[in-house]
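Trainee: Could you take me through how the helices pack here and where empty space is left, setting each value against its definition?

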Amino acid sequence: SMQNVFDAKDAQEYINRINNLTPETQRKWGKMSVDQVLAHLNVAYDLTFTPEKFPKPNFIAKFLLSKFVKPKITNEIPYKQSLPTSPVFIIADERNFEEEKAKLIGNIQRVQQLGREAFEGKENINLGKMTAQCWNNMFAKHLNHHLDQFGV
């Protein structure tokens with residue numbers, strides 16, 4: 001079953017996996033390099049903690065996202081390989097591996113320390129109000145998908 005990103009032990013397991021990455025780690029599929037994937041994973045947390053930095057979807061876009069995209073993002077079924085990603089998540093330039101890695105670890109720790117209560121009914125800029133379990137599944141699935149992509 002799904003990992004619990006609010007649990008200290010599960011959060012630490014993600015951090016251990018991230019600590020197994022090096023700037024030379026090669027992907028098994030997809031287009032992004034390891035530094036780009038770390039930056040890509042950080043976008044999910046930026047959207048969560050600093051949503052004001054992003055364009056707000058209009059009413060229709062948000063309705064469609066919450067109705068059709070949200071169930072796929074928040075269920076427990078792992079992502080397939082090489083799915084298309086939303087433009088805001090595309091990282092085309094080179095990033096600083098150590099900076100992105102440290103930021104991602106900090107983000108994982110922040111979610112864990114804030115705890116399930118902080119995410120219960122919390123608004124997602126694109127998907128609307130979500131349960132803590134939906135937030136959990138969204139973060140856990142995304143981390144698993146890309147850490148698997150790099151074999152850690």
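Mentor: Let us begin with one helix pair: Lys72, Ile73 and Thr74 in helix 3 meet Cys134, Asn137, Met138 and Lys141 in helix 5, where contact means heavy atoms within 4.5 Å and helices are DSSP runs (H or I, at least four residues) numbered from the N terminus. By class, this contact of helix 3 with helix 5 has three nonpolar, two polar and two charged residues; Ala, Val, Leu, Ile, Met, Phe, Trp, Tyr, Cys and Pro count as nonpolar, Asp, Glu, Lys and Arg as charged, and the others, Gly among them, as polar. This is a predicted model, in which local features need pLDDT of at least 70 and side-chain atom pairs count only at pLDDT 80 or more, whereas totals for chains, interfaces and linings use all residues. Residues are numbered from 1 along each chain as its sequence is written, and side-chain values use heavy atoms, with hydrogens and water left out.

Trainee: How do you know how helix 3 and helix 5 are oriented to each other?

Mentor: The axes of helix 3 (residues 59-74) and helix 5 (residues 132-149) come within 8 Å and cross at roughly 70 degrees, with axes fitted to C-alpha atoms over the stretch in contact and angles running from 0 to 180 degrees between N-to-C directions. Angles under 35 degrees count as roughly parallel, over 145 as roughly antiparallel, 65 to 115 as roughly perpendicular and the rest as oblique, and helix 3 and helix 5 are therefore roughly perpendicular to each other.

Trainee: Why are helix 4 and helix 5 described by another word, and what is that word?

Mentor: The axes of helix 4 (residues 97-119) and helix 5 come within 10 Å and cross at roughly 160 degrees, and the two helices are therefore roughly antiparallel to each other. Leu104, Ile108, Val111, Arg116 and Phe119 in helix 4 meet Ala132, Gln133, Trp135, Phe139 and Leu143 in helix 5; by class, that contact has eight nonpolar, one polar and one charged residues.

Trainee: Which handedness does the crossing of helix 4 and helix 5 have?

Mentor: Helix 4 passes helix 5 in a left-handed crossing, the term for a near helix turned anticlockwise from the far one by less than a right angle. The crossing of helix 2 and helix 4 is left-handed as well.

Trainee: What makes the open space beside these helices a pocket, and what volume does the largest pocket have?

Mentor: On a 1 Å grid over the protein atoms alone, a pocket is an open set of points where a 1.4 Å probe fits, with protein on both sides within 12 Å along at least five of seven lines. About 1,300 Å³ of space lies in the largest pocket, while the second largest pocket has a volume of about 160 Å³; grid points are joined across faces, edges and corners, and a volume is the space filled by probe spheres set on them.

Trainee: Which residues line the largest pocket?

Mentor: Its lining holds 42 residues, of which His40, Leu83, Pro84, Thr85 and Ser86 lie nearest the centre, lining residues being those with an atom within 4 Å of a point. The largest share of this lining, eight residues, comes from helix 5, and by class the lining has 25 nonpolar, 13 polar and four charged residues.
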